[in-house]
Amino acid sequence: MTNDHPIGSIQIPHIPNYSSGEAALDNLGTVGIHNLSCFGIYAGDSWFNFTATSQSVAIKVQSGNTFGTGTSFMIALLDQNLNEISCVLPTTNKLTELNFDGLNIGDTYYIAVSNQAGSNRGSFTLSVDGGSESCTWTCDESGNMYYVAGKIGIATSTIPENVSLAVGGNVLV
């Protein structure tokens, strides 16, 4: 894999429940050295990028069993100017998770994945949950129901009388 620098980073979608596929990625042969707060100076960073579609992101790197051969992965999240936003050490030897709220929708963000020691390199599974903007329904004084989109903007429309609204199989209107 040649994504050992932000310039060669692999673009991934920022959608709910994205997964690279089991053991689909690795940091074998990477030579990038970036001094991030929780990484120290280790060679072997793998870089990814996404464009924020919501204000939150949950990043998970897994290994072991069918998820990959590497261990002790660290994750860093950087903004479009490569300023570090968050950096985390492994939760366990085969799992690392980073959760962040406060992304700017439309901005590009970078994910760096490395190991605590160069000898732990190998394959891994990357999962990125872009979340979804909260959406709500509200009623005006006349009882008309309107759709209000969360932080992306506001769109309103009246639900026609012949349309049913169902949530979890329960008809609401």
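In this predicted model, Gln11 sits across from Asn49 of strand β6. The strand on the other side of that match-up is β1, residues 10-11, and β1 and β6 pair in the parallel sense through two bridges. Asn49 also has a bridge partner in β11, namely Tyr110. Here the strands run the other way: β6 and β11 are antiparallel, with six bridges joining them. So much for the neighbours of β6; as for its surroundings, five of its six residues are buried, so the strand is largely enclosed by the rest of the structure.

The aromatic side chains add to this picture. Searching the whole structure turns up three aromatic pairs. One of them brings together Phe50 and Tyr109, whose ring centres are 5.8 Å apart; with the planes at 25°, under the 30 degrees used as the limit, the pair counts as stacked. Phe50 belongs to β6 (residues 46-51) and Tyr109 to β11 (residues 108-115), so this pair ties together parts of the chain that are 59 residues apart in sequence. Phe50 and Tyr109 are both buried. Elsewhere, ring pairs connect Phe48, Phe73 and Phe124 into a cluster.

Phe124 turns up again in the surroundings of Gln62. Gln62 is found in strand β7, which covers residues 56-62. Despite its polar-sounding name, what matters here is the number: Gln62 has a relative accessibility of 18%, and since the cut-off for buried is under 20%, it counts as buried. Leaving aside residues up to four places away in sequence, Gln62 touches Phe67, Lys94, Leu95, Phe124, Thr125 and Ser127.Zooming out, the protein has 16 strands and zero helices. Of its 173 residues, 40% count as buried. Looking at contacts between residues at least 6 apart in sequence, 68% join residues that are at least 24 apart. The accessible surface of the protein adds up to about 9,000 Å², and carbon and sulfur atoms account for 50% of that area.

Methods
Residues are numbered from 1 along each chain as its sequence is written. This is a predicted model: local features need pLDDT of at least 70, side-chain atom pairs count only at pLDDT 80 or more; totals for chains, interfaces and linings use all residues. Side-chain values use heavy atoms; hydrogens and water are left out. Rings of Phe, Tyr and Trp (its six-membered ring) pair if their centres lie within 6.5 Å; planes under 30 degrees apart count as stacked, over 60 as edge-to-face and the rest as tilted. Helices (H or I, at least four residues) and strands (E, at least two) are DSSP runs, numbered from the N terminus. Buried means under 20% relative accessible area, exposed over 50%, partly exposed in between (1.4 Å probe, protein chains only). Contact means heavy atoms within 4.5 Å. Accessible areas come from the Shrake-Rupley method with a 1.4 Å probe; for residues, only the protein chains shown count as cover. Two strands pair if DSSP finds at least two bridges between them.
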